[in-house]
Amino acid sequence: MQQVAIITGASRGIGAAIARRLARGGYAVVINYAGNAAEAQAVADAIAADGGHALPVQADVADAAAVERMFATAIEHFGRIDVLVNNAGIMPPALPLLAETGDATFDRLFAVNVKGTFNTLRAAATRLAHGGRIVNFSSSVIGLGLPGYAVYSATKAAVETMTHIFAKELRGKAITVNAVAPGPTATELFLNGKSPEAVERLANLAPLGRLGTPEDIAAAVAFLAGEGGGWVNGQVLRANGGMV
Ligand code: NDP
């Protein structure tokens with residue numbers, strides 16, 4: 001039977017690259033998105049054109065009921081779920097210092113990045129097939145501690161903590177739980193609001209001297225989701241060209 005992967009936030013950026021990569025590897029994929037239906041459909045169409053199976057499913061991951069519906073839809077459509085990639089996430093383009101961060105920004109960051117991950121992990125606990133894989137999304141900025149990233153980093157630290165503990169709580173199900181922590185990666189989330197000079201400065205922090213690409217990060221996810229990653233559990237894999 002074909003294995004099935006849910007990728008949250010797969011209409012654009014890193015998530016779209018993960019969906020394409022896992023589909024090429026033989027998975028049927030659920031392309032989750034929040035608002036960009038047309039972009040999610042375009043990702044699904046490109047996968048179908050390559051002979052793969054993809055289903056776009058709208059769900060704000062911050063909404064527990066919507067996440068439950070997404071899992072039910074995935075099982076109704078594909079019959080099973082083997083892999084969950086918790087890629088959906090947001091970062092404020094303005095990157096305010098902590099003292100200048102408004103309540104609404106704080107609340108939305110925690111709602112999407114932390115509650116969103118919690119919602120899908122909780123659903124996966126009873127829905128993922130024996131032997132399944134979960135890949136969460138942190139960020140290498142936790143290691144850098146850059147000013148402007150306090151609240152965003154705090155959301156990703158929460159994700160890392162849930163990763164370590166959930167891996168242990170799933171004992172007996174043969175499900176691995178890991179996180180990928182990208183460094184600066186060329187997507188809207190990273191590029192929005194930054195000058196070309198700021199982008200270049202951040203790209204040069206890595207000894208490999210460039211930004212990551214969505215495909216670089218998708219390769220790390222494919223490793224953790226695939227056969228070769230089977231003995232890696234409860235870990236955070238920083239994929240950042242050696243930046244930190
Ligand atoms: P993008 O902004 O390019 O894409 C974000 C994706 O997440 C879109 O598909 C978007 O859907 C979706 N999304 C946003 N909010 C929600 C929500 N509430 N519910 C469901 N889907 C949602 O981001 P990236 O690809 O750059 O980031 C992917 C992950 O990688 C994030 O967790 C991010 O924190 C992390 N990361 C990124 C880095 C980078 O430099 N790019 C560095 C470190 C970590 P829609 O199109 O419908 O809006």
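Reader: What makes up the span of residues 3–183, and how far apart are its end C-alpha atoms?
Author: In this predicted model, the end C-alpha atoms of residues 3–183 lie 29 Å apart. Helix accounts for 49% of the span and strand for 17%. The unreviewed UniProt entry annotates residues 3–183 as "domain: Ketoreductase".

Reader: Why is the pair of Phe106 and Phe110 called stacked?
Author: The ring centres of Phe106 and Phe110 are 4.7 Å apart and their planes differ by 20 degrees. Rings pair if their centres lie within 6.5 Å, and planes under 30 degrees apart count as stacked, so both conditions are met. A search of the whole structure finds 2 aromatic pairs.

Reader: What separates Phe106 and Phe110 along helix H4?
Author: They are 4 residues apart in helix H4 (residues 103–127), which means a separation of about one helical turn.

Reader: Why is Phe106 called partly exposed?
Author: Its relative accessibility is 37%. Buried means under 20% and exposed over 50%, so Phe106 falls in between. Phe110, at 24%, is partly exposed as well.

Reader: Which residues have the most contacts inside the largest nonpolar core?
Author: That core has 31 residues, and those with the most contacts inside it include Ile7, Ile18, Val85 and Val180. Among the elements giving two or more residues to this core are strand S1 (4–7), helix H1 (13–24) and helix H9 (214–225). Leaving aside residues up to four places away in sequence, Ile7 touches Ile18, Leu22, Val29, Ile31 and Val85, among others. A second, separate core of 30 residues includes Ala59, Val112, Leu128 and Ala167.

Methods. Residues numbered from 1 in each chain as written. Predicted model: local features only at pLDDT ≥ 70, side-chain atom pairs only at ≥ 80, totals over all residues. Heavy atoms only, no water. Core = buried A, V, L, I, M, F, W, Y, C linked by side-chain atoms within 4.5 Å. Buried < 20%, exposed > 50% of the residue type's maximum accessible area, 1.4 Å probe, protein only. Contact = heavy atoms within 4.5 Å. UniProt positions renumbered as here; feature names shortened; annotations may be inferred. Phe/Tyr/Trp six-rings, centres within 6.5 Å; stacked < 30°, edge-to-face > 60°.
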